[in-house]
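Work through the exercises below with the structure open beside you. Try each task before you read its solution.

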Amino acid sequence: MKAIMMVVIGFIFGLGLIISGMTNPAKVINFLTYGNQWDASLIIVMAVAMLIMMLTWLWVAKKEKPLISGTFNLSDLKKVDSRLIIGSVLFGLGWGLSGICPGPGLVQLVSLKMEFLLFFAAVLGGMWLAKKV
Amino acid sequence: MVTEFTPVSAAIGGALIGIACTLLLVLYGKIAGISGIVKSVFAKANSGSRWQLYFILGLLLAGVAVRVFAPSLLEGELQLPPWLIVVAGLLVGAGTTLANGCTSGHGVCGMSRFSTRSWVATCTFMLVAFITANLIG
């Protein structure tokens, strides 16, 4: 049951990425680039998703346990450290170069285009390298 | 490549992303952070609960379904030389691992929770991405 639910939730997330246009690197790059081709779609995507999640967090704050199973498995990290900053700078460089973050990178694997397969392989390589540090 | 501002589909897509994050959190208490999910499936050999694997399966199925029924929605290409694709991918993989999150975990789930770390992370990677895209664009 849980497996099926997880597939459904992943499906909804993936559909959201595709419908919003965020799986198209050009839309992300045009958001990130100042000029007359500026495409503000990404802001709308983030704003709507965040708004829904703000309401969700309000609800979560009043609950002790999730509705189906488990506990609230949340990060209790508080400290802003150099790992966070350096990691975010590196991610920003890669995202600004390519216009792809991990979610769209994953979805675009189904296009079977060489460039996206190469990108995702490099993402896994980067994750492996970072864990060695 | 010129793209159009598409507020309606952006809002619908954003709502679906928010709903997926909500379901994962409300039903199972988990955060929809894609970089962490990818890491736990491909870069770790833990034998615990494999919900991440099923989540990724669903994500890929969405791609397959759209490719079959509405292929024009899944357009997009990476107009970079292969070596730069590799560099960008390495940076994304290493960066999200060090920072413990990306656009979904820090951006959507963390900022809405008013997590200081997520705000710092998101503002940092947004700013760096803006500078990078404008320098090479």
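The exercises concern a predicted model, and each task is followed by a worked solution.

**Exercise 1. Describe the fold of each chain.**

Task: State how many helices and strands chain A and chain B have, and give the extent of each chain.

Solution.
- Step 1. Start with chain A. There are 6 helices and 0 strands.
- Step 2. Read chain A along its sequence. The pattern is α-α-α-α-α-α.
- Step 3. Turn to chain B. This chain has 6 helices and 0 strands, and its pattern reads α-α-α-α-α-α.
- Step 4. Take the extents along the principal axes. The C-alpha trace of chain A spans about 45 × 35 × 30 Å. The C-alpha atoms of chain B fill a box of roughly 40 × 40 × 30 Å.

**Exercise 2. Find how much of each chain is buried, and how its contacts spread along the sequence.**

Task: Give the buried share of chain A and of chain B, then the share of contacts between residues 24 or more positions apart.

Solution.
- Step 1. Chain A has 133 residues, and 53% of them are buried.
- Step 2. Chain B has 137 residues, of which 56% are buried.
- Step 3. Now take the contacts with a separation of 6 or more. In chain A, residues 24 or more positions apart account for 35% of these. In chain B, the figure is 40%.

**Exercise 3. Describe the side of chain A that touches chain B.**

Task: Say how many residues of each chain are in contact with the other chain, and which helix of chain A gives the most.

Solution.
- Step 1. Count the residues. 101 residues of chain A are in contact with 99 residues of chain B.
- Step 2. List the helices of chain A that supply at least two residues each to this side. They are H1 (2-19), H2 (25-32), H3 (41-61), H4 (82-98), H5 (102-107) and H6 (114-132).
- Step 3. Pick the main contributor. H1(A) gives the most, with 17 residues.
- Step 4. Sort this side of chain A by class. It has 67 nonpolar, 27 polar and 7 charged residues.

**Exercise 4. Locate the largest nonpolar core.**

Task: Name the residues with the most contacts inside the largest nonpolar core, then list what Ala49(A) touches.

Solution.
- Step 1. The largest nonpolar core has 84 residues.
- Step 2. Those with the most contacts inside this core are Val45(A), Ala49(A), Phe119(A), Ile17(B), Ala20(B) and Cys21(B).
- Step 3. H1(A) gives the most to this core, with 10 residues.
- Step 4. Look at Ala49(A), leaving out residues up to four places away in sequence. Ala49(A) touches Gly14(B), Ile17(B), Gly18(B), Cys21(B) and Val108(B).

**Exercise 5. Work out how H4(A) packs against two helices of chain B.**

Task: Give the angle, axis distance and handedness for H4(A) with H4(B), then for H4(A) with H6(B).

Solution.
- Step 1. H4(A) and H4(B) (residues 82-99) pack at an angle of about 150°, with their axes 7 Å apart.
- Step 2. Angles over 145 degrees count as roughly antiparallel. H4(A) is therefore roughly antiparallel to H4(B).
- Step 3. The crossing of H4(A) and H4(B) is left-handed.
- Step 4. Inspect the contact. Among its residues are Phe91(A) and Trp95(A) of H4(A), and Leu91(B) and Val92(B) of H4(B). By class, the contact has 15 nonpolar, 8 polar and 1 charged residues.
- Step 5. Move to H6(B). The axes of H4(A) and H6(B) come within 7 Å and cross at roughly 35°.
- Step 6. This crossing of H4(A) and H6(B) is right-handed. Its contact has 18 nonpolar, 5 polar and 1 charged residues.

**Exercise 6. Explain what covers H5(B).**

Task: Count the buried residues of H5(B), and name elements that cover them.

Solution.
- Step 1. H5(B) runs over residues 103-110, and 8 of its 8 residues are buried.
- Step 2. These buried residues include His106(B), Val108(B) and Cys109(B).
- Step 3. The cover includes H3 and H5 of chain A. From chain B, it includes H1 (7-28), H2 (34-42) and H6 (116-136).

**Exercise 7. Place Pro25(A).**

Task: Decide whether Pro25(A) is buried or exposed, and find its contacts.

Solution.
- Step 1. Pro25(A) lies in helix H2 of chain A.
- Step 2. Pro25(A) counts as buried because it has 28 C-beta neighbours inside 10 Å; the cut-off is 20 or more.
- Step 3. Pro25(A) and Gly99(A) are 74 residues apart in sequence, but 4.5 Å apart in space, C-alpha to C-alpha.
- Step 4. Leave aside neighbours within four places in sequence. Pro25(A) is then in contact with Ser98(A), Gly99(A), Ile100(A), Gly76(B) and Leu78(B).

Terms used: Residues are numbered from 1 along each chain as its sequence is written. Chains are lettered from A and ligands numbered from 1 in the order in which they are written. This is a predicted model: local features need pLDDT of at least 70, side-chain atom pairs count only at pLDDT 80 or more; totals for chains, interfaces and linings use all residues. Two residues are in contact if their C-beta atoms, placed from the backbone, lie within 7 Å. Helices (H or I, at least four residues) and strands (E, at least two) are DSSP runs, numbered from the N terminus. Ala, Val, Leu, Ile, Met, Phe, Trp, Tyr, Cys and Pro count as nonpolar, Asp, Glu, Lys and Arg as charged, and the others, Gly among them, as polar. A nonpolar core is a set of buried Ala, Val, Leu, Ile, Met, Phe, Trp, Tyr and Cys residues joined through C-beta atoms within 7 Å. A residue is buried if 20 or more other C-beta atoms lie within 10 Å of its own, exposed if 12 or fewer, and partly exposed in between; C-beta atoms are placed from the backbone. Axes are lines fitted to C-alpha atoms, for helices over the stretch in contact, and angles run from 0 to 180 degrees between N-to-C directions. Angles under 35 degrees count as roughly parallel, over 145 as roughly antiparallel, 65 to 115 as roughly perpendicular and the rest as oblique. A crossing is left-handed if the near helix is turned anticlockwise from the far one by less than a right angle, and right-handed if clockwise.
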